[in-house]
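Please open the model in a viewer and keep the sequence panel visible. The tour below proceeds by selections, each followed by a description of what is found there.

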Amino acid sequence: MDPNPKNFPILSYVISKIPPAFKRSLSGASDSSDVENPSEVELKPREPYFEITERMPHLKNPALIAAMRSAVGDVVQSRSTLQALGKRPDHEIVEAARLRLSQLEAHSSQDSAEVMEEIEMMKAVISLDQMHDAYGKMLSDAETKLEKIYEAALAGSEVIEEEAVNEDVEMDEEVVRILKEAESGKEIKAVDLSGRKLRILPEAFGRVKSLVVLNLSNNQLQVLPDSIAGMENLEALHLSGNLLESLPDSIGLLFKLKFLDVSGNKLIALPDSISQCRMLEELDASFNRLTYLPTNIGYELVNLRRLSIHLNKIGSLPASIGEMKSLRILDAHFNELRGLPDSIGKLTSLEILNLNGNFNDLTELPDTISELINLKELDLSNNQIHALPDTFGFLQSLSKLNLDQNPIVTPPEKVVADGVNAVKLYMMQRWEDISKENEHKSIEMQQQSEAGLMMRGTSWLNNLVTNVSAYLGSPRNSTMDPDLNQQL
């Protein structure tokens, strides 16, 4: 996507408010793209507020100093732009906006002003997400460049040219040997290439169709080739401890994959195609930069038994996660979860749930958590939970509960200190008291309603009798109304 803010007129006002020192990165942006057309101000230098030569006096190479100053400026610019854009919309909101936009464009009449306004709103949400993605990529590239220059400065070497960074790397001898054996027709079931400082995985690896286990952990891989889909018998793939920022969409073609470990990388998102790995039983995506999970991940990964997504920046779990009927362990500690979907109660096989360390974001739990009939361990420590759900006492299988470092009020701290059984007993008693009180209120309301109906009925009869008596008792020369006689 072109990150030029001129292509996003709805958001141009936001971009126009970026400090002048950072406008240089927004090439192509002009006054015409700003809805308020603010006046130009003199651009300030791109350098950060400190002087690099003062912080690192041992630097003498002018080219290295200039490169580092430029790289620091790029990082500052990218971060400031992201900050000016504000919070990124949730993945589910963006997906809903895309769906709604396609519906409006396909079926609705665009002559309506209301429809046009809704279309613009949906496009604005999608555009904001795209800009976050683009500037996030720019920030990642700028940080990587700065790291390399900094390493060169520490080593006392000359500045690394851009072309030198991408120079061809000699293929590892073990990789060559494995490929030759595969070409000769030898059936290879397992390959361990962990800890060999590999920077690339040859496309030819996709032709090793007999491979069942592949260990590429603790290397320096930045990308995986699309040809990985050719390993049609692969059941276990170890990719932890690399430099991966994304996974290829072709990974969804590994239909026999049961174990996938991508922990300790730089992943910003998991591809939607990962949902097609329907045989997957264990997925470890911990210690990355994830902010969301694919919307439909739960509908397809029905055989998943363990999901590890801790040490990320995930703000919410998709509603589809409740469809993971086989899930036994869900580890989501140290994220930014603001809550759990109501569908969490459908995970009737779940035994361990770790929500530790979501800090200020997690303040409450849904009532449906009581439907986790097989839950044995629950870690809610280091959050901002004030009260457990009233239905919490129904977690009969729960044997381990951690509520440390929460401003807990219900149940009282004294009850919490007595252990999980005391907590369940207290919450069950509380539920019974609340149920009795609600039942009593319901009976009172019903009685009041019945009394009100009786009073209104009595009043109506009294009025009717009074009117009829007055009519009959009044002297009349004319005959009685036949209609009234019929009613009487």
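Which side chains meet in a salt bridge of 2.7 Å, N to O? Select Glu-300 and Arg-278, whose side chains form that bridge. Please note from the outset that the model is predicted.

**Stop 1: Glu-300 and Arg-278**

This pair links distant parts of the chain, with the two positions 22 residues apart in numbering. Glu-300 belongs to helix 8, residues 297–300, while Arg-278 sits in the loop between strand 4 (259–261) and strand 5 (282–284). Colouring by accessibility shows Glu-300 as partly exposed, because its relative accessible area is 27%. Arg-278 is also placed in the partly exposed class, because its relative accessibility is 41%.

**Stop 2: Asp-390 and Arg-430**

Next, select Asp-390 and Arg-430, where a further salt bridge joins the two side chains at 3.0 Å, N to O. Where do the two partners lie? Asp-390 is in the loop between strand 9 and strand 10 (400–402), and Arg-430 is in helix 10 (residues 420–473), so the bridge ties together parts that are 40 residues apart in sequence. Asp-390 has 27% relative accessibility and therefore counts as partly exposed. Arg-430, at 29%, is likewise partly exposed.

**Stop 3: a network of salt bridges**

Now select Glu-174, Arg-177, Glu-181 and Lys-186, which are joined into one network by salt bridges that share partners. Within this group, zoom in on Glu-174 and Arg-177: their closest N and O atoms are 2.4 Å apart in a salt bridge. Both residues lie in helix 7 (residues 173–183), three residues apart, which is about one turn of the helix. Glu-174 is partly exposed because its relative accessibility is 23%, and Arg-177 is partly exposed because its value is 37%. In total, the structure holds eight salt bridges.

**Stop 4: Asp-379, a charged residue without a salt bridge**

Select Asp-379 in strand 9, residues 377–379. Is this residue buried or exposed? Asp-379 is buried, yet has no salt bridge. In general, side chains of opposite charge can pair when their charged atoms come close. Here the nearest side chain of opposite charge, that of Lys-400, is 7.5 Å away, whereas a salt bridge requires a separation within 4 Å. Add Ser-381 to the selection to display a polar contact of 2.7 Å between its side chain and that of Asp-379. To view the surroundings, also show Leu-353, Asn-354, Leu-355, Asn-356 and Asn-402, which Asp-379 touches when residues up to four places away in sequence are not counted.

**Stop 5: the second largest pocket**

Switch to a surface display and turn to the second largest pocket, which contains about 810 Å³ of space. Of its 29 lining residues, those closest to the centre are Arg-88, His-132, Arg-289, Thr-291 and Lys-313. Selecting these five therefore brings the viewer to the middle of the pocket. Which helix gives the largest share of the lining? Helix 5 does, with eight residues. Helix 4 (91–107) and helix 5 (113–155) each supply at least two residues of this lining.

**Stop 6: Tyr-150 and Met-68**

Remain with helix 5 and select Tyr-150, which lies in it. Tyr-150 is partly exposed, because its relative accessible area is 41%. Add Met-68 and draw a distance between the two C-alpha atoms: the separation is 7.3 Å, although these residues are 82 apart along the chain.

**Stop 7: backbone features in three loops**

Most residues other than glycine have a negative phi, and most peptide bonds are trans. The following selections depart from that pattern.

- Select Thr-410 and Pro-411: the peptide bond between them is cis, with omega near 5 degrees. Pro-411 lies in the loop between strand 10 and helix 9 (413–417).
- Select Leu-311, which has a positive phi of about 60 degrees although it is not a glycine. Leu-311 is located in the loop between strand 6 (306–308) and strand 7 (329–331), and its 37% relative accessibility makes it partly exposed.
- Select Phe-334, where phi is positive and near 55 degrees. Phe-334 lies in the loop between strand 7 and strand 8 (352–354), and is partly exposed at 34% relative accessibility.

Definitions and conventions:
Residues numbered from 1 in each chain as written. Predicted model: local features only at pLDDT ≥ 70, side-chain atom pairs only at ≥ 80, totals over all residues. Heavy atoms only, no water. Helix = DSSP H or I, 4+ residues; strand = E, 2+ residues; numbered from the N terminus. Buried < 20%, exposed > 50% of the residue type's maximum accessible area, 1.4 Å probe, protein only. Lys, Arg positive; Asp, Glu negative; His and termini not counted. Polar contact = N/O pair within 3.5 Å; in protein donor to acceptor, adjacent residues only side chain to side chain. Contact = heavy atoms within 4.5 Å. 1 Å grid on protein atoms, 1.4 Å probe; cavity = no way out; pocket = protein on both sides within 12 Å on 5 of 7 lines; lining within 4 Å. Points joined across faces, edges and corners; volume = space filled by probe spheres on them.
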